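Biologist: Could you take me through the ring contacts in this one, slowly please?
Modeller: Gladly, and here is the structure to look at while we talk.

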Amino acid sequence: MPEGDTVHRSCAALHTALAGRTLTRAELRVPAYATVRLAGATVLEVVARGKHQLTRLDNGLTLHTHLKMEGTWRITGSGQRSPGPAHQIRVILGNPAQTAFGLRLGITELLESSREDEAVGHLGPDLLATEFDADEALRRLRAQADRTIGEALLDQRNLAGIGTFYRAEVLFLQGIHPRTPVAAVGDLPRLVARAGQLLRANLTRPYQVTTGNTRPGERAWVFERPGKPCRRCGTLVRTERFGPTGQERLSYWCPSCQPAAG
């Protein structure tokens with residue numbers, strides 16, 4: 001699933017292509033909105049809220065989308081061919097200059113802008129927000145003291161933007177085993193701050209890097225490297241799938257650099 005930096009980057013591209021322009025083409029290819037007409041509305045802005053995308057229009061409506069596991073947006077010059085199979089396109093938003101195609105979107109819904117909180121109000125502070133509320137994020141994390149830090153970081157109700165990639169990498173950099181209880185994390189503020197630093201560092205890149213090495217195959221410390229030597233100590237990286245039933249996610253860690261809590 002795309003993580004916070006990828007979603008923010010996608011929204012920035014959509015904002016550049018659409019904001020301040022009147023829609024001359026607008027199609028929502030989902031049954032609930034098949035007859036809705038948005039052409040003629042002007043796009044005010046496209047913003048990210050964690051992993052959610054909000055396209056605000058001047059008619060008082062907001063298009064709420066989420067990429068989920070496979071979604072993506074493609075922007076083309078108007079009049080150019082569709083960038084994907086027709087059956088995968090969920091949204092088309094176009095003006096005389098450019099057209100944005102939303103493919104395989106996990107969520108597509110239209111709501112009154114005044115009711116956006118119904119879609120994203122449950123989210124914790126966004127790590128990439130200009131005014132990130134670290135105190136509130138820490139309060140939410142500490143409220144679940146017995147929960148594993150690995151699960152707590154992925155819960156978007158605590159803080160928004162972290163997925164399995166950043167979870168694995170920030171826990172490695174902080175030397176914390178994924179199953180460590182939140183209450184046993186020695187410096188929780190530093191962990192949260194480090195996560196934000198990682199996301200911001202990759203905000204303008206087309207790929208994610210935490211090692212400082214941008215070469216393919218060298219960009220991550222432990223993510224998707226099970227059975228390979230730890231880049232720091234040589235111990236074989238391990239993996240495990242855990243989490244709430246139905247929401248289990250793969251976790252990666254180095255047993256030596258991230259020893260299990262005693």
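Modeller: Before we start, a charge is said to sit over a ring if NZ of Lys or CZ of Arg is within 6 Å of the ring centre and within 35 degrees of the ring normal. Please also keep in mind that this is a predicted model.

Biologist: OK, so which ring does the charged end of Arg179 sit over?
Modeller: The charged end of Arg179 sits over the ring of Phe242, at 4.4 Å from the centre of that ring, and in another such contact the charged end of Arg232 sits over the ring of Trp221, 5.5 Å from its centre.

Biologist: Switching to rings with rings, how many aromatic pairs are there?
Modeller: The count comes to four aromatic pairs. One of them joins Phe165 and Phe223, which meet edge-to-face with 5.2 Å from centre to centre and 80 degrees between the planes.

Biologist: And where do Phe165 and Phe223 lie?
Modeller: Phe165 is in helix α5 and Phe223 in the loop between α6 and β9, so this pair ties together parts that are 58 residues apart in sequence.

Biologist: Are those two buried or exposed?
Modeller: Phe165 and Phe223 are both buried.

Biologist: What about Phe172 and Trp221?
Modeller: Their ring centres are 5.3 Å apart and their planes are at 25 degrees, so Phe172 and Trp221 are stacked. This pair, too, links distant parts of the chain, with Phe172 in helix α5 and Trp221 in the loop between α6 and β9, 49 residues apart. Phe172 is buried at 0% relative accessibility, and Trp221 is buried with a relative accessible area of 17%.

Biologist: Last one, which residues do ring pairs link into a cluster?
Modeller: That cluster is made up of Phe165, Tyr166, Phe223 and Tyr252.

Note on methods: Residues are numbered from 1 along each chain as its sequence is written. This is a predicted model: local features need pLDDT of at least 70, side-chain atom pairs count only at pLDDT 80 or more; totals for chains, interfaces and linings use all residues. Side-chain values use heavy atoms; hydrogens and water are left out. Rings of Phe, Tyr and Trp (its six-membered ring) pair if their centres lie within 6.5 Å; planes under 30 degrees apart count as stacked, over 60 as edge-to-face and the rest as tilted. Helices (H or I, at least four residues) and strands (E, at least two) are DSSP runs, numbered from the N terminus. Buried means under 20% relative accessible area, exposed over 50%, partly exposed in between (1.4 Å probe, protein chains only).
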